[in-house]
Amino acid sequence: MAATASNVCVSLDGQRQVLSNASLSIQKGTLHMLLGPNACGKSTLLRVLGGLLKPDSGTFSVPSSIGYVFQNPDHQVVMPTVAADVAFGLGRQKLPAAEVHRRVLEALRLVGMEDCLERACHTLSGGQKQRVAIAGALVQNPQVLLLDELTTFLEAGDQAAVLTAVRAAVDGPQRVTALWVTHRFEELTRADAASFMDGGRVQMTGTPQNVLRRMHRMKGR
Amino acid sequence: MLQRFHKHHCTHNAIAGTDQTSLANARWKQGLLQPKPATRPHTHQRCARSRRPTVGRPRALLGLLQAGRAGRGKGSSESIEDKVLSTFLSGSATPYSSYIADPRSFLHDVHPIIKQVWLVVVLGTAGRAPAAVQASLCLVTVLQTISTLPPRLWQPQLKRLGLLCTVILLFVCIGADSVPPKLQTRAPPPQVSGLPSLAASKGAYKHVLFHWGIFTITQRSLTLACSSASLTFLALQSASLTLTTTPSEEIALALQSLMSPLRFLGVPVKQVTLSVLLALRFMALVLEEMRNLALGLAMRGVDWKAMGPGSGLNVIVRLVGRLFSNLFRQSEAVAQALHARGFVSADEHTIYTGLLHKSRPFNNVICCSAIAGLLAQAFVHL
């Protein structure tokens with residue numbers, strides 16, 4: 001398994017229970033989608049796995065190298081130009097310029113943005129910014145990518161481009177594992193596996209078709 | 001088959017919208033808000049709320065404001081608040097003189113430190129240089145602008161700057177000596193002392209070049225006007241050229257190199273540089289946040305005149321509070337993203353620049369020669 005969470009509980013301000021015994025296992029080299037209605041705890045579970053939130057109880061295990069991409073790319077793309085922003089993630093590693101250039105180019109090629117190296121970030125569209133944010137995470141060679149509702153603000157075209165970029169990263173030579181949080185059913189068609197969350201816990205996990213079928217059955221009752 | 005759990009995904013504007021909704025509800029109860037006109041297209045409202053306004057939609061946003069105004073009837077004229085909202089909505093979220101990567105020009109391949117030194121030298125020397133040198137510098141800057149920027153950028157830029165400099169030239173030219181200081185000379189006039197008056201100048205030189213009524217143009221006022229106008233032009237246009245031909249991170253890092261001696265005095269140079277970089281990046285975000293708030297207000301079609309000045313001011317104050325609240329929230333999200341990307345502190349983090357293009361020695365030598373020439377002429381005229 002690339003990442004696991006077991007009986008994770010999180011409460012906000014010690015009162016509202018956001019996660020109650022949430023458990024999840026993600027297989028290596030897959031695009032795993034985590035679905036659920038608003039405020040069911042998807043993003044909170046992602047934050048726990050990303051090390052941004054400490055759980056009240058429960059255990060989780062993730063590789064040492066993880067990449068996190070946030071919902072709003074405007075928060076994540078911090079440098080004024082694309083190349084500098086993608087290279088920002090390598091800031092703590094003292095690398096020669098040629099190596100940085102190679103890795104930046106490789107990451108941007110994976111998301112189909114290799115022609116935008118010099119573009120100013122504020123001139124990019126929402127989808128392009130999101131892909132730059134993904135490249136910024138990929139440049140660090142992560143084993144697991146945690147993706148938090150990337151397509152919320154995007155139009156249909158940009159949404160497809162971002163999905164394709166993540167799919168390319170998963171299918172690429174690095175065999176990255178991606179956990180994609182979403183509440184859009186149509187995105188399930190590109191996933192390898194899916195889980196459905198509700199009420200702060202993971203209700204079911206399986207193939208996208210199985211999860212969809214069971215959800216419709218639940219809805220029909 | 002395919003469906004969504006929730007129809008409203010617009011969490012981005014929800015932050016701004018929550019307070020505005022309660023505010024509008026309160027105003028509605030007080031009868032201060034006009035009902036939305038039936039003629040206003042419903043699709044526009046939905047579209048504007050479900051999508052984030054982008055840089056290229058100022059006309060559409062202005063249309064919304066005009067629609068809101070039209071809903072209040074023909075008799076209602078534009079209030080100051082409406083004018084302020086129009087200004088925000090028609091403005092661009094793109095900062096002035098942003099970096100332009102393409103087409104590449106001579107200046108793109110000059111080292112950023114040399115460009116910054118050029119700016120300082122121009123500011124320090126052009127003001128005291130002879131008129132011929134000032135005019136030459138302005139001409140070179142104009143030619144450089146035309147050769148560097150595409151016409152759609154340099155034409156409006158030079159027009160605006162030309163207008164500003166012309167206004168400065170005229171005002172200083174007329175104003176510098178037209179209002180003489182009311183001073184009483186302590187020496188007796190020549191008629192009283194019995195000494196002959198000074199002989200009139202036989203040459204072509206005249207101190208007063210033009211005099212009509214209260215308007216006087218002298219040699220001094222003309223020199224001062226030329227210096228002011230040319231210095232304004234050179235300072236603004238050189239800075240604009242530097243910004244448009246240098247990526248922001250390279251400008252910031254060049255500044256860091258120039259400021260590095262200050263480290264010995266305890267100045268946190270790296271932190272200052274990173275702050276500058278983040279400020280340059282998030283300037284557009286602040287502008288967009290302001291536009292989002294203005295859009296939210298414009299969409300409600302508030303009748304400012306009916307509200308009165310006190311209530312209008314109250315709304316503005318609350319909106320400014322909301323703006324800062326949203327910006328702080330965004331700052332927090334940015335800080336979290338920086339942390340997730342491995343940022344610990346400015347001192348331990350390297351900002352990589354110059355990944356694509358290195359400056360060319362030939363271009364650097366040409367620019368250094370120009371700086372040396374400017375400095376030399378300044379010493380000659382000291």
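Colleague: Which residue is the bridge partner of A:Val10 in strand 2 of chain A?
Modeller: A:Leu19 is that partner. This is a predicted model, in which local features need pLDDT of at least 70 and side-chain atom pairs pLDDT 80 or more, while totals for chains, interfaces and linings use all residues. Residues are numbered from 1 along each chain as its sequence is written, chains are lettered from A and ligands numbered from 1 in the order written, and side-chain values use heavy atoms, without hydrogens and water.

Colleague: What makes strand 1 and strand 2 of chain A a pair?
Modeller: A strand is a DSSP run of E with at least two residues, numbered from the N terminus, and two strands pair if DSSP finds at least two bridges between them. Strand 1 (residues 3-12) and strand 2 (residues 16-26) have 7 bridges and run antiparallel, so they pair. In their hairpin, with 3 residues between the strands, A:Asp13 has a positive phi near 55°.

Colleague: How do you know that strand 1 of chain A pairs with strand 4 of chain A?
Modeller: Antiparallel strand 4 (residues 57-61) shares 4 bridges with strand 1, so the rule is met. A:Thr4 faces A:Ser61 of strand 4.

Colleague: Why is B:Cys173 in no disulfide with B:Cys226?
Modeller: A disulfide needs two cysteine sulfur atoms within 2.5 Å. The closest cysteine sulfur to that of B:Cys173, in B:Cys226, is 7.0 Å away, too far for a bond. Over all chains the count is 0 disulfides. For A:Cys40 the nearest cysteine sulfur, that of A:Cys9, lies 15 Å away.

Colleague: Is A:Cys40 buried or exposed?
Modeller: Buried means under 20% relative accessible area, exposed over 50%, and partly exposed in between (1.4 Å probe, protein chains only). A:Cys40 has 3%, so it is buried. B:Cys173, at 9%, is buried too.
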